[in-house]
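Trainee: I would like to learn how to read a model like this one. Please take me through it feature by feature.

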Amino acid sequence: MLRYILRRTLTSIPVLFGVLAVTFALARMVPGDPCTAMLGEKATEEICARFFREKGLDKPIPIQFAIYSRDILKGDLGNSLRFQRPVTQILVERLPQTIELGLSALLLATLFGVPAGIVSALRHNSLIDVATMIFANIGVSMPVFWLGLMLAYVFALVFKDTPLWLPPSGRLTAGLSATPFYEVYGWNVEQGTTTYRFLEFFANLYIFNSIITGNWEVLKDALRHLILPSVALATIPMAIIARMTRSSMLEVLGRDYVRVARAKGLPEWRVIVVHALRNALLPVVTIIGLQLGAVFSGAVLTETIFGLAGVGRSLFEAITARDYPVIQGFTLVIAFSYVLINLLVDISYAFLDPRIRLE
Amino acid sequence: MTEPTSTPIQQAIPTLTRRPPDSPMRQLVRRFFRQRSALLGLFIIGGLVLVAIFAPVIAPYEPTEVLIGKEDVSKREAPCIHLLGCPKEKPQHIMGIDGNFRDQFSRIVYGTRISLRVGFITVTMAVVVGTLLGAIAGYAGGWVDNLIMRVLDVLLAFPSLLLAIAIVSVLGPGLINAMLAITIVTIPAYARVIRSSVLSTKEEEYVTAARALGVRPIDILFRHILPNSISPLIVQATLGIATAILDAAALSFLGLGAQPPTPEWGAMLSAERNQVFSAPHLVFFPGLAIMITVLGFNLLGDGLRDALDPRLKNV
């Protein structure tokens with residue numbers, strides 16, 4: 001098992017290096033130079049030359065790459081050209097939003113998708129099965145941005161002044177603010193230090209922060225703001241998870257060992273939960289892990305529609321503004337976490353299925 | 001010895017077995033037509049192809065025709081359907097008027113052409129490149145395989161839409177570039193399908209036989225291996241069209257794909273998205289069109305998968 005984990009971890013290193021190179025190359029290849037993009041009409045030749053020198057953009061590409069790789073290893077993602085602030089600081093402010101959104105979407109997708117798939121498989125060809133599959137087919141075909149806009153229309157406008165009303169944008173109602181837990185606890189941390197950023201990152205997970213500080217008003221408000229975007233984002237993964245669970249469960253239910261379990265006279269719930277479900281969930285785990293990429297992609301669209309300044313939206317804006325360091329840093333963080341999740345999925349798979357680690 | 005007199009049952013047996021076995025192709029077609037959802041998919045796609053071909057006949061107006069001054073219309077007017085009680089003296093616009101005084105129904109109809117074209121062209125390009133790469137990797141093995149697959153792994157390490165956004169921003173916004181980006185992003189999926197299928201057919205006896213006969217590797221690949229790897233590819237490609245249409249619409253929605261005044265559904269939706277509270281019809285219909293088209297290809301792809309999967313033969 002340990003050997004498998006080690007080997008699998010080692011194979012992801014070249015991929016990570018490739019990701020680094022591609023990110024670097026893509027950011028360089030964005031047409032137009034950052035100086036004119038940033039300074040606009042003020043960008044004379046002289047000013048631009050100084051700008052390039054200051055940012056190290058006048059050095060040969062291989063040297064830029066070497067410097068860049070070295071800084072990354074030190075945990076330094078550079079400064080945003082646009083905001084004149086460290087990219088890590090911007091990440092600390094924006095990544096938590098996307099994590100909250102993505103996790104709640106995946107949670108919704110799993111909580112509804114897996115049971116729906118199981119029930120459809122157990123009641124194969126029944127009305128429930130057909131209905132679930134129709135919903136699943138429509139779900140995977142739904143453009144996220146359209147669903148988001150339609151949800152906003154229905155819940156923010158049609159249901160206005162009813163208890164069903166939900167806010168169509170933002171994270172918190174204006175006037176409310178989430179006091180960071182370290183301030184509530186009276187911790188004395190110096191601003192700008194790594195520890196401070198670390199704490200700030202967790203404080204920006206509003207749901208987490210409001211739970212540990214016991215601020216129920218903020219929690220309720222943050223959750224209400226989270227409903228529409230996460231439902232929009234969850235639809236496609238939910239449909240995919242439901243379909244996968246159903247087909248995997250159907251396959252397993254036809255296996256001999258399930259028949260044996262039934263023949264032994266085991267209670268039906270035991271046959272389903274212990275014998276069938278455990279085996280059927282293997283491919284489902286993979287699919288859930290893979291949906292993370294879809295969630296990141298969907299986050300660009302969802303954040304655009306619901307006015308959230310998360311990673312997806314920020315990355316999109318950085319690309320339009322040719323803010324190299326932000327493009328690089330954000331893409332890197334997303335791709336790295338994606339590779340990492342895939343690694344974890346593979347390892348968990350080997351953990352659940354002994355055949356894989358012996359291969 | 002006298003011939004035994006045959007009973008009715010004995011007479012019935014030969015007629016049962018005399019029927020020639022179905023050819024694999026006929027079995028396939030039968031299995032496919034047994035699935036109602038696949039048929040529905042085929043029906044939707046067929047309908048859309050007809051709409052695309054006969055767009056000038058179906059659409060009452062040109063897709064970019066501005067109706068201001070020509071008809072009594074107001075900006076972002078709600079749909080007016082005579083059958084549903086819209087006054088007869090008003091001109092009929094079944095999906096309403098958009099922000100530039102154009103008939104939205106005509107734009108949606110013409111949009112079918114764009115989306116279908118985007119789907120077919122991107123998938124064809126990705127399939128060709130992906131098949132080549134996957135076949136080479138699978139057949140050659142060794143370091144060639146390693147190199148190709150590691151490069152594709154890097155592509156797969158990025159969430160697809162984000163990578164497509166990055167590529168379009170390098171190439172510049174526009175529908176052609178968006179299609180190119182989607183092609184690049186989807187190549188790994190096809191390469192993987194072909195590679196794994198080549199790997200499993202490579203060791204079959206007929207391939208070993210061909211090799212022993214001295215058939216050139218390229219002929220073995222194209223005549224013996226690829227034809228046997230085709231069915232998973234067809235499934236993947238059909239589902240791929242759905243994804244391609246969805247991604248192209250998303251890129252256009254972000255302003256990176258089709259540019260105005262092109263009647264592309266994603267771009268139309270994007271142009272009016274801030275009006276969703278005042279003129280929801282301008283957001284509703286383009287999105288619905290995208291969904292129906294994507295649904296058609298998804299249903300067809302799933303149906304093909306079930307029909308082509310030998311494990312499900314007797315289900």
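Mentor: Start with a definition. A polar contact is a pair of N or O atoms within 3.5 Å; within protein, one must be able to donate a hydrogen and the other to accept it, and residues adjacent in sequence count only if both atoms are side-chain atoms. Now the ground rules. This is a predicted model: local features need pLDDT of at least 70, side-chain atom pairs count only at pLDDT 80 or more, and totals for chains, interfaces and linings use all residues. Residues are numbered from 1 along each chain as its sequence is written, chains are lettered from A and ligands numbered from 1 in the order in which they are written, and side-chain values use heavy atoms, with hydrogens and water left out.

Trainee: How many residue pairs are in polar contact across the interface of chain B and chain A?

Mentor: Six, with both residues at pLDDT 80 or more. Helices here are DSSP runs of H or I, at least four residues, and strands are runs of E, at least two, numbered from the N terminus. In chain B, helices H6 (142–156), H7 (160–171), H11 (230–253) and H13 (281–308) each give at least two residues to the side that touches chain A. H13(B) supplies the largest share, 11 residues.

Trainee: What kinds of residue make up that side of chain B?

Mentor: It divides into 29 nonpolar, four polar and four charged residues. Ala, Val, Leu, Ile, Met, Phe, Trp, Tyr, Cys and Pro count as nonpolar; Asp, Glu, Lys and Arg as charged; the others, Gly among them, as polar.

Trainee: How many residues does each chain bring, and how much area is buried?

Mentor: Contact means heavy atoms within 4.5 Å. Chain B brings 37 residues and chain A 41 residues. Buried area is the accessible area (1.4 Å probe) that two parts lose on being put together, summed over both. The two chains bury about 3600 Å², with 81% of it on carbon and sulfur atoms.

Trainee: Which residues form the salt bridge across the interface?

Mentor: The rule asks for a side-chain nitrogen of Lys or Arg within 4 Å of a carboxyl oxygen of Asp or Glu. It finds one across this interface. A:Arg243 and B:Asp302 make it, at 2.6 Å from N to O.

Trainee: How do I read aromatic pairs?

Mentor: A pair of aromatic rings is described by the distance of the centres and the angle of the planes. Rings of Phe, Tyr and Trp (its six-membered ring) pair if their centres lie within 6.5 Å; planes under 30 degrees apart are stacked, over 60 edge-to-face, the rest tilted. Over all chains, the count is 17. A:Phe145 and B:Phe253 are stacked, 4.5 Å centre to centre with 20° between the planes. A:Phe145 sits in helix H7 (residues 144–158) of chain A and B:Phe253 in helix H11 of chain B, so this pair joins two chains.

Trainee: Are A:Phe145 and B:Phe253 buried or exposed?

Mentor: Both are buried. Buried means under 20% relative accessible area, exposed over 50%, partly exposed in between (1.4 Å probe, protein chains only). For an edge-to-face case, take A:Phe181 and A:Tyr182, at 5.7 Å and 75°.

Trainee: What does A:Asp129 touch?

Mentor: Leave out residues up to four places away in sequence, and A:Asp129 touches A:Ser120, A:Arg123, A:His124 and A:Arg246. Its side chain makes polar contacts with those of A:His124 at 3.3 Å and A:Arg246 at 2.7 Å. A:Asp129 is buried, with a relative accessible area of 1%.
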